[in-house]
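The following exercises are to be worked with the sequence and the three-dimensional structure at hand. Each task is followed by a solution in steps.

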Amino acid sequence: MPEGPAAGESFLLGGDPANRLNSAEWARLALAILATPLAVALFRLELPDILPSVLALIAALLVGASLLVTKAETAHDLQTGIRMMLMGLTVPLPMLMFGSAIGIWCESDQISWSIGLAVVATTSLLATVVHSGRLVTVLAAQIGIWSGMTCVTSPIGGYVALAIGLAVAGVAYVRQHRIDLAAQEKAEHDQRTQTRAQEILADYEETGQGWFWETDRRGHLTYLSRTVAENLGRRAEGLIGRPFTELFNLTAQSGEGERTLTFHLSARSSFSELAVRAASKDEERWWSISGRPTYDTFNNFAGFRGSGTDLTEKRRSQEHASRLAHFDSLTGLSNRFRMSQTLEKLLLAPQEHHRTCAVFLLDLDRFKQVNDTLGHPAGDALLKQVAQRLERVVGSLGRVGRLGGDEFQVILPGKIGREQLGHLAERIIESLSQPYSIEGSRVMIGASVGIALAPDDGVTSEALIRNADLALYAAKDGGRGRHHFYAADLHSDAEERRQLEDDLRDAVANGGLELYYQPVVQTSTEKITGFEALLRWSHPEHGWISPAKFIPIAEDTGLIAPIGEWALRTACQDLSRWPENVRVAVNVSPLQFANPALPAIVTSALASAQVAAERLELEITESVFLNDDEGTEQMFRALKGLGVRLALDDFGTGYSSLGYLRTAPFDKIKIDQSFVRGATQPGSRNGAIIASIVSLAEALGMETTAEGVETLDELDLVRTLGCSHVQGYIYERPLSAHSAVSRLSTGLMAIAQGPRSARAPRQTMLRKVVLDHGGHRYDGTIRNMSQTGALIEGLWNVPTGTIFRLTLAENNVITATCRWSSADRMGVEFAAPLCLEDGDTVASASSRSGPLEMPPMADRKVG
């Protein structure tokens with residue numbers, strides 16, 4: 001934008017862009033001045049007076065000389081004073097002379113005053129027209145011509161007129177100066193505003209915040225910001241004249257934004273903030289562009305003009321936020337929200353046969369122990385490896401997701417047979433149960449899987465997930481490391497479990513738990529050397545609850561820690577009332593073992609009971625070695641430093657190697673009852689395993705205890721194989737604390753009592769039957785029954801070997817032989833084994849009744 005005139009210049013120059021005081025047409029007025037004396041001569045038919053004629057001639061010459069002045073002003077940068085002087089010589093002076101000439105002619109009556117005034121007025125009007133816009137020149141011409149004419153008639157009047165003219169010129173100059181000053185200030189303000197806007201736009205482009213573009217009517221670029229060209233690896237000059245669409249990638253993965261851009265360009269319509277992909281080769285870059293069509297003065301389409309901004313970082317942030325909203329940040333698997341969306345989409349498919357799917361819910365077993373012992377970073381690393389294994393096993397069959405914590409989910413679309421789903425679940429469990437290497441430590445965990453099918457087990461996502469969750473609980477209750485399909489009766493089982501959990505919390509808080517003690521007998525002397533503390537719970541409504549049922553609940557709910565500490569303190573208190581040479585064994589759960597405060601708890605329990613440390617034996621399972629690290633060794637050293645004995649419980653049933661036996665300071669190895677059961681059966685390898693364990697223990701200077709010995713032949717076997725101690729029903733069932741004291745008061749000798757050999761599992765019942773012997777019919781009652789025999793009451797002193805025809809039900813008669821009898825009880829052996837599977841006629845016809853005393857139950861340990 002050119003600078004405006006300085007204040008007052010318009011008074012001198014008007015609007016002349018050439019900045020001249022005189023008009024180029026002013027010299028033509030010389031012809032009019034010369035024509036005046038000639039007109040006078042022709043009108044009077046005589047030569048006019050010499051003086052006015054000379055004045056008119058000089059005036060014409062001076063006016064004609066303005067051509068030279070105009071050229072000088074154009075060619076040279078003359079000072080204002082010189083220009084004003086030259087203007088005075090070519091405008092007011094000749095006008096003064098010409099006005100004087102007209103006045104002299106009028107005084108000499110060569111022309112009349114009316115004609116003279118008309119000539120002066122006409123010349124004045126011509127001067128005004130010629131110098132239009134140049135106020136000072138117009139005033140100078142007017143003052144000069146009228147002053148010259150006035151001076152002829154009255155010098156004083158001429159001077160007054162000249163003074164008045166000068167005063168008017170001064171006032172006009174002042175007024176014009178103010179106007180020009182305001183205009184100059186406005187022009188400067190506008191220029192500053194425009195400059196600021198240009199600088200802001202330049203900064204906007206240079207800093208990369210945005211860019212501008214313009215096209216012609218053909219869609220070719222006429223302007224483009226330099227930064228855009230640099231992003232594309234090209235020069236802005238090289239893009240001018242190229243199609244605007246050349247800036248974008250409209251072929252690769254064209255989306256809605258690109259198609260809309262093409263539409264707007266062809267339709268010549270405005271568009272705003274359209275996301276387009278840049279035609280850059282090095283990296284993926286996205287822009288947001290806006291534009292509007294432009295039109296010329298004749299309303300003809302002239303092209304497009306618009307702006308753009310970089311969307312790359314914003315789009316990356318949006319993609320990152322979208323990933324966080326749909327994927328698990330730790331494992332990279334789909335999160336709960338995305339898995340829910342996937343399931344909803346399957347179950348709401350338009351076609352019914354597309355709504356079939358299967359849902360796996362997975363829960364890691366013993367994962368909490370990893371967090372507790374190795375810390376949460378190790379737990380996170382373990383979860384990553386679990387996720388990788390899950391994806392490898394499932395593959396393209398379905399989608400794998402992490403719901404949170406150690407919970408995972410698998411969604412398998414389509415109809416898949418239960419057998420195939422079972423095989424897949426087994427492969428998942430097998431894969432996840434393989435050892436992991438975490439921070440140099442060898443870690444072992446497991447997995448349980450619950451399975452629900454749509455539409456069989458639910459047609460909504462809520463119902464399907466709930467039922468899969470119930471199946472998962474059933475799998476965990478069944479012993480973990482297994483899978484379970486949903487069944488309708490799981491709802492009642494879940495409610496029973498929830499109620500049992502509440503009741504267990506009350507029992508822990510109100511002292512509803514008890515410790516029973518099972519004697520441990522030395523095989524060489526058959527004397528009681530100690531007792532193992534076993535947890536028992538007598539429910540106020542349901543009676544005795546098996547530890548196999550409530551201990552897993554305690555482990556899941558975290559109650560096992562307070563229960564374990566209570567058991568330790570209670571066992572020490574009971575131990576204080578026993579003979580000095582009798583010990584007590586208390587199980588320590590992996591959670592307790594991982595607690596750094598365990599040595600202090602043991603010390604406190606011993607001190608409170610005032611018993612020697614060597615009388616306390618802590619039984620520890622192999623699961624503590626799942627995270628074999630420095631902390632495990634430190635705990636062993638701390639416990640051994642207290643003087644307590646350490647026993648390795650359930651040996652051979654865990655997942656660890658034998659390497660830990662080199663350093664772990666165990667005093668005893670307990671052989672699990674699963675190796676004792678069936679060891680006497682022909683073809684069993686359990687005896688060889690027991691012999692190996694005994695040899696290993698002897699080599700390491702450790703004692704051995706065989707658990708679960710119930711028959712005389714099992715006792716003979718473990719004694720022959722060299723077991724130093726025996727624990728089981730063959731000597732004694734678990735005793736209450738009071739009964740244990742009473743039993744010890746009778747002495748330490750133990751007498752083996754029980755069946756000669758193992759018998760098949762039996763069902764407890766109260767069932768009326770009819771026995772036929774030699775045509776005589778007798779009424780009896782079956783108290784328990786197995787596949788091979790039964791215990792029958794009601795017949796007194798039956799001779800061994802007596803054969804009966806036993807009527808169990810209509811059309812169900814079997815042959816039974818009496819093998820032993822005592823008072824009104826006898827044991828019979830069936831001629832052919834019975835089938836007592838669930839749903840069998842015999843089993844379904846039985847009327848079960850709870851025993852009057854605490855029934856035999858699995859000796860589930862505290863830990």
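**Exercise 1.** Determine which parts of the chain are tied together by the salt bridge between arginine 645 and glutamate 703.

*Solution.*
Step 1. Arginine 645 and glutamate 703 form a salt bridge (a side-chain nitrogen of Lys or Arg within 4 Å of a carboxyl oxygen of Asp or Glu), and their closest N and O atoms are 3.1 Å apart.
Step 2. Arginine 645 belongs to strand E18 and glutamate 703 to strand E20 (residues 703-707), so the pair ties together parts that are 58 residues apart in sequence. Helices (H or I, at least four residues) and strands (E, at least two) are DSSP runs, numbered from the N terminus.
Step 3. Arginine 645 counts as buried because its relative accessibility is 14%, whereas glutamate 703, at 25%, counts as partly exposed. Here buried means under 20% relative accessible area, exposed over 50%, and partly exposed in between (1.4 Å probe, protein chains only).

The model is predicted: local features need pLDDT of at least 70 and side-chain atom pairs count only at pLDDT 80 or more, while totals for chains, interfaces and linings use all residues. Residues are numbered from 1 along each chain as its sequence is written, and side-chain values use heavy atoms, with hydrogens and water left out.

**Exercise 2.** Which strands hold arginine 645 and glutamate 617, and are the two residues buried or exposed?

*Solution.*
Step 1. The side chains of arginine 645 and glutamate 617 meet in a salt bridge with an N to O distance of 3.0 Å.
Step 2. Strand E18 (residues 645-651) holds arginine 645 and strand E17 (residues 616-621) holds glutamate 617, so this pair joins parts that are 28 residues apart in sequence.
Step 3. Both arginine 645 and glutamate 617 are buried.

**Exercise 3.** Describe the salt bridge of arginine 825 with glutamate 793, and state how many salt bridges the whole structure contains.

*Solution.*
Step 1. The side chains of arginine 825 and glutamate 793 meet at 2.8 Å, N to O.
Step 2. Arginine 825 lies in strand E28 (residues 825-830) and glutamate 793 in strand E25 (residues 789-793), so the bridge ties together parts that are 32 residues apart in sequence.
Step 3. Arginine 825 is partly exposed because its relative accessibility is 35%; glutamate 793 is buried, at 16%.
Step 4. A search of the whole structure finds 25 salt bridges. In addition, a network of salt bridges links Glu532, Glu619, Lys670 and Glu707.

**Exercise 4.** Which residues of the largest nonpolar core touch the most other members?

*Solution.*
Step 1. A nonpolar core is a set of buried Ala, Val, Leu, Ile, Met, Phe, Trp, Tyr and Cys residues joined through side-chain atoms within 4.5 Å.
Step 2. The largest such core has 78 residues, and Leu616 and Phe666 touch the most other members.
Step 3. Helix H21 (residues 560-575) gives the most to this core, namely seven residues.
Step 4. Beyond its neighbours within four places in sequence, leucine 616 is in contact (heavy atoms within 4.5 Å) with several residues, including Leu568, Cys572, Val644 and Arg645.

**Exercise 5.** Where does arginine 285 lie, and is arginine 285 buried or exposed?

*Solution.*
Step 1. Arginine 285 is in the loop between strand E3 (271-277) and strand E4 (286-295).
Step 2. Arginine 285 counts as buried because its relative accessibility is 15%.
Step 3. Among the contacts of arginine 285 outside its neighbours within four places in sequence are Asn231, Val276 and Thr312.
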